[in-house]
Amino acid sequence: MSGSQQVELGRLFFEDGIPGFSHLQFFQLMQEEDSPFFLIQSTEEKDIGFWVIDPFSLFPDYKFELSNVAKEALRVEEDSPIGVFSIVTIRGNNQATVNLKAPIIVNLSNRMGRQVILQEDIYSIRQPLFEQQAVNRK
């Protein structure tokens, strides 16, 4: 079988939307088969979607503390499973960047999502994706 398929992982609800798209609340989470990339696509406007990755898979030193405000907004309990995704932007010339400063946090128990701006100053909104992979291969 040729070509990749997308695997549906379920619906997500963004109570406040995603910055720049605050009018959209319902999204579908899909994964490219055999790929580290996921797609968060609006179910309200099919042409709105975001390529995302699990940042921990490519940036093993990535860590942050989720604020109490974010925990309350997502209704996170002590044992709530959490998913973390970083938006990937394709910039042309085979360049791609990852937004490590504002990850999308998903409470996997209730499917609520929210983009959170981290207080940590060490992360960039335009962290090069492919340079990081090249460094990891050395």
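Two strands count as paired if DSSP finds at least two bridges between them. Keep that cut-off at hand for these exercises on a predicted model.

**Exercise 1. Trace the pairing around strand β3, and place Q41 within it.**

Solution. Step 1: start with strand β2, residues 26-32, which is joined to β3 by five bridges. That meets the cut-off of at least two, and the two strands run antiparallel. As a sample of the register, F27 has S42 in β3 as its bridge partner.

Step 2: look at the connection. Four residues lie between β2 and β3 in their hairpin, where D34 takes a positive phi near 55°.

Step 3: turn to the other neighbour. Strand β4, residues 49-53, is also antiparallel to β3, again with five bridges. Here L39 stands opposite W51 in β4, and the hairpin of β3 and β4 has six residues between the strands.

Step 4: now place Q41. This residue belongs to β3, which spans residues 37-42. Its C-alpha atom is 5.2 Å from that of Q28, although 13 residues separate the two along the chain. Leaving aside residues up to four places away in sequence, Q41 touches F26, F27, Q28, M30, K46, I48 and G49.

**Exercise 2. Which strands pair with β5?**

Solution. Step 1: go to β4, which is joined to β5 by two bridges in an antiparallel arrangement. The cut-off is at least two bridges, so this counts as a pair. One of the links has I53 with S86 as its bridge partner in β5.

Step 2: continue to β7, which pairs with β5 in the antiparallel sense over four bridges. Within this pairing, F85 is partnered by I104 of β7.

Step 3: finish with β6, residues 95-98, joined to β5 by four bridges and antiparallel too. V88 finds its bridge partner in V98 of β6. The hairpin of β5 and β6 has two residues between the strands, and N93 in the turn has a positive phi of about 50°.

**Exercise 3. Is S86 buried or exposed?**

Solution. Step 1: locate the residue. S86 sits in strand β5, residues 82-92.

Step 2: apply the cut-off. Buried means under 20% relative accessible area; S86 has 0%, so it counts as buried.

Step 3: list the surroundings. Beyond residues up to four places away in sequence, S86 has contacts with W51, V52, I53, P55, Y62, V98, N99, L100 and P103.

**Exercise 4. Examine the backbone and exposure of R75 and R111.**

Solution. Step 1: check phi. R75 is not a glycine, yet has a positive phi of about 55°; R111, not a glycine either, has a positive phi of about 70°.

Step 2: find the loops. R75 is in the one between α2 and β5, while R111 lies between β7 and β8.

Step 3: check exposure. R75, at 43% relative accessible area, is partly exposed, and R111 is partly exposed at 25%.

**Exercise 5. What lines the largest pocket?**

Solution. Step 1: take the volume, about 170 Å³.

Step 2: name the lining, which consists of F64, L66, K71, V76, E77, E78, S80, I82, V84 and I105.

Step 3: sort these residues by character. Six are nonpolar, one is polar and three are charged.

**Exercise 6. Where does the model call for caution?**

Solution. Step 1: begin with the whole chain. The mean pLDDT is 87, and 88% of the residues reach 70 or more.

Step 2: look at residues 132-138, where pLDDT is below 50; this stretch has five contacts beyond near neighbours in sequence.

Step 3: draw the conclusion. Where pLDDT is low, predicted coordinates should not be read in detail.

Conventions
Residues are numbered from 1 along each chain as its sequence is written. This is a predicted model: local features need pLDDT of at least 70, side-chain atom pairs count only at pLDDT 80 or more; totals for chains, interfaces and linings use all residues. Side-chain values use heavy atoms; hydrogens and water are left out. Buried means under 20% relative accessible area, exposed over 50%, partly exposed in between (1.4 Å probe, protein chains only). Contact means heavy atoms within 4.5 Å. On a 1 Å grid over the protein atoms alone, a cavity is a set of points where a 1.4 Å probe fits but cannot get out, and a pocket is an open set with protein on both sides within 12 Å along at least five of seven lines; lining residues have an atom within 4 Å of a point. Grid points are joined across faces, edges and corners, and a volume is the space filled by probe spheres set on the points. Ala, Val, Leu, Ile, Met, Phe, Trp, Tyr, Cys and Pro count as nonpolar, Asp, Glu, Lys and Arg as charged, and the others, Gly among them, as polar. pLDDT is the predictor's confidence in each residue, from 0 to 100.
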